[in-house]
Each structure stands twice: as structure tokens, then as C-alpha cells.
Amino acid sequence: MPAYVIFIREQTNDPEELKVYSSKAPAVLDGHPVKPLAMYGTHEVIEGQQVEGAALLEFPSFEEAKAWYYSPAYQDAVKHRLKGGTYRGIIIEGISSGN
């Protein structure tokens, strides 16, 4: 079953740290079966508090999503994202589209 990683940026705290993260983030996707589906594009909050943006990544499985997130390469990059802004992040298992 597919799994999705969702990052929600509530507030930017340090744009320079987010620039560092942005420079490292593409390389940490290499070697992982990830498909970016949405990356901080136009959005409209229909429930809850306003957010600055969101990202949605698809992985083949929950385990693959966790392996990417907890990989040493991503952990090296994510520290800059977390210094740069206030985020919420979740991994959610998808539903099977088959029989």
C-alpha cells in the first residue's frame, strides 16, 4: 500500500535556514522510491488555522517513507527545515486501489 508524507509549514522563522534545507533536500530524495505530488504551491485552507504551505510526497509503502525520513542524509537536511520554520509532518498509509 502506498504511504504519503505530508509537511505543513505553519510559519517561517529563519528564511536562511530554509534556503540551506532547500539546497540539500533534492539530493536526499536520490535512491528512495519517492514521488513528489505537491510542493508548496497555491493552496486554500478550508478548515483550521491558516498555513504558509504544504508538501505531499508519495512512497510505495509506510516502511519506505519512514526509511527515507529517518535516513542519515535526510536527518542532516531536516534540522535546517526545523530551524527555519514551524512545521507539522505526518506519514499516513494510503488505501489500496486494487481488488
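In these legends a strand is a DSSP run of E with at least two residues, and strands are numbered from the N terminus; Gly53 lies in one such run, strand β3. The model shown is predicted.

**Figure 1. Overall arrangement of the chain in the predicted model.** The chain contains 3 helices and 4 strands, and their order along the sequence is β-α-β-β-α-α-β. Its radius of gyration of 14 Å is close to the 13 Å that the globule rule gives for 99 residues, so the chain is as compact as a globular protein of that length. The C-alpha trace extends over about 45 × 35 × 15 Å along its principal axes. Of the contacts with a separation of 6 or more, 79% join residues 24 or more positions apart. Buried residues make up 29% of the 99 in the chain. The chain exposes a surface of about 6400 Å², of which 54% comes from carbon and sulfur atoms.

**Figure 2. Close-up of Gly53 in strand β3.** With a relative accessible area of 1%, Gly53 counts as buried because this value is under 20%. When neighbours within four places in sequence are left aside, the contacts of Gly53 are Phe7, Ile8, Arg9, Tyr40 and His43. One of these partners, His43, is 10 residues away along the chain, and its C-alpha atom is 6.9 Å from that of Gly53.

**Figure 3. Close-up of Leu57, also a residue of strand β3.** Leu57 is buried, with a relative accessibility of 5%. Outside the four places on either side in sequence, Leu57 is in contact with Ala3, Tyr4, Val5, Phe7, Val34, Lys35, Pro36, Met39 and Trp68. The C-alpha atoms of Leu57 and Trp68 are 11 Å apart, and 11 residues separate the two along the chain.

**Figure 4. Close-up of Tyr40 in the loop between β2 (35-39) and β3.** The phi angle of Tyr40 is near 55°, which is a positive value in a residue other than glycine. Tyr40 has a relative accessible area of 27%, and it is partly exposed because this value falls between the 20% limit for buried and the 50% limit for exposed residues. Tyr40 is also one of the contacts of the buried residue Gly53.

**Figure 5. Close-up of the largest pocket, with a volume of about 260 Å³.** The lining of this pocket consists of 15 residues, and those closest to its centre are Tyr21, Ala25, Met39, Tyr40 and Ala55. Two or more lining residues come from each of β1 (3-12), α1 (15-29) and β3 (53-59). The most is given by α1, which supplies 6 residues. Sorted by class, the lining holds 12 nonpolar, 1 polar and 2 charged residues.

**Figure 6. Close-up of the second largest pocket, which holds about 190 Å³ of space.** Among its 14 lining residues, His43, Glu44, Val45, Val51 and Ala54 lie nearest the centre. One of these five, His43, is in contact with Gly53 of strand β3. The lining is made up of 6 nonpolar, 5 polar and 3 charged residues.

Technical notes:
Residues numbered from 1 in each chain as written. Predicted model: local features only at pLDDT ≥ 70, side-chain atom pairs only at ≥ 80, totals over all residues. Heavy atoms only, no water. 1 Å grid on protein atoms, 1.4 Å probe; cavity = no way out; pocket = protein on both sides within 12 Å on 5 of 7 lines; lining within 4 Å. Points joined across faces, edges and corners; volume = space filled by probe spheres on them. Nonpolar A, V, L, I, M, F, W, Y, C, P; charged D, E, K, R; others polar. Buried < 20%, exposed > 50% of the residue type's maximum accessible area, 1.4 Å probe, protein only. Contact = heavy atoms within 4.5 Å. Rg over C-alpha atoms; globule rule 2.2 N^0.38 Å. Areas by Shrake-Rupley, 256 points an atom, 1.4 Å probe, with all protein chains shown as cover.
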